[in-house]
Amino acid sequence: MTDTNGNGGGAQGGAPALNALVQYLKDFSFENPNAPNSLGPQEQAPNISIQVNVNAKQLAPADFEVTLTLDAKAGEGAGLLFKLDLEYGGVFRLINIPQEQIHPIVMIECPRLLFPFVRQIVADATRDGGFPPLYVDPIDFVALYQQKAAEAAAQPPVANA
């Protein structure tokens with residue numbers, strides 16, 4: 001008979017493990033400033049813009065808080081249909097992960113695990129706001145990680161004064 005931990009919390013024999021300890025809605029806002037006028041038929045499809053960002057903070061030697069921030073809006077200025085701001089977080093425990101792999105795992109794999117929940121919250125909020133659900137396309141977190149690394153490498157070093 002095998003003794004197992006129901007939440008995957010134990011790594012046996014030094015095997016690498018990534019455990020999601022908790023996930024939570026950290027901050028959320030949905031604005032529908034022109035309702036009910038914005039809910040009628042529109043002459044043209046609105047311009048929808050979506051910004052995504054990933055942040056991480058080490059909480060303990062093996063624990064990291066990872067937040068996925070998503071800002072979305074449809075329309076501009078007086079024609080704004082909706083604006084959505086969402087910060088969704090999770091605490092992850094990395095066990096027996098080589099040091100050089102920790103940063104990519106935290107910044108790629110952890111947000112990849114959070115994304116389906118963020119996508120559902122966005123779809124539900126836009127639907128509940130009176131619009132067709134906004135289904136955010138899958139995000140390539142590897143490309144996002146590489147883009148942020150390239151931006152950081154291109155920044156000039158800051159001189160200490």
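## Exercises: a sheet, a helix and some salt bridges

I50 sits opposite A72 of strand 3, and everything below is read from a predicted model.

**Exercise 1.** Work out which strands stand at the edges of the sheet.

*Solution.* Start with the order: this open sheet of four strands runs 1-4-3-2, with antiparallel pairing. Strand 1 (17–31) and strand 2 (48–58) are at the edges, because each has a single partner strand, leaving one side without a neighbour in the sheet. From one strand to the next, the twist averages 15°. For one pairing in detail, take strand 2 and strand 3 (residues 63–74): they pair antiparallel over 11 bridges.

**Exercise 2.** Describe helix 1 and find which strands it touches.

*Solution.* Helix 1 covers residues 99–128 and spans 43 Å from first C-alpha to last, close to the expected 44 Å. Next, look for a kink: there's a bend of about 45° at I105. Now the packing: helix 1 lies on the sheet and touches strand 1, strand 2, strand 3 and strand 4 (82–95), with its direction at about 145° to that of strand 4.

**Exercise 3.** Take the salt bridge between R93 and D63 and decide whether each residue is buried or partly exposed.

*Solution.* First the contact: the side chains meet at 2.7 Å, N to O. Then the location: R93 is in strand 4 and D63 in strand 3, 30 residues apart, so the pair links distant parts of the chain. Finally, accessibility: D63 has 12%, so it's buried, the cut-off being under 20%. R93, at 32%, counts as partly exposed.

Definitions and conventions. Residues numbered from 1 in each chain as written. Predicted model: local features only at pLDDT ≥ 70, side-chain atom pairs only at ≥ 80, totals over all residues. Heavy atoms only, no water. Helix = DSSP H or I, 4+ residues; strand = E, 2+ residues; numbered from the N terminus. Expected span 1.5 Å × (residues − 1). Bend = angle between axes of the 7 residues up to and from the residue. Pairing = 2+ DSSP bridges. Axes fitted to C-alpha atoms, helices over the stretch in contact; angles between N-to-C directions. Contact = heavy atoms within 4.5 Å. Salt bridge = Lys/Arg side-chain N within 4 Å of Asp/Glu carboxyl O. Buried < 20%, exposed > 50% of the residue type's maximum accessible area, 1.4 Å probe, protein only.
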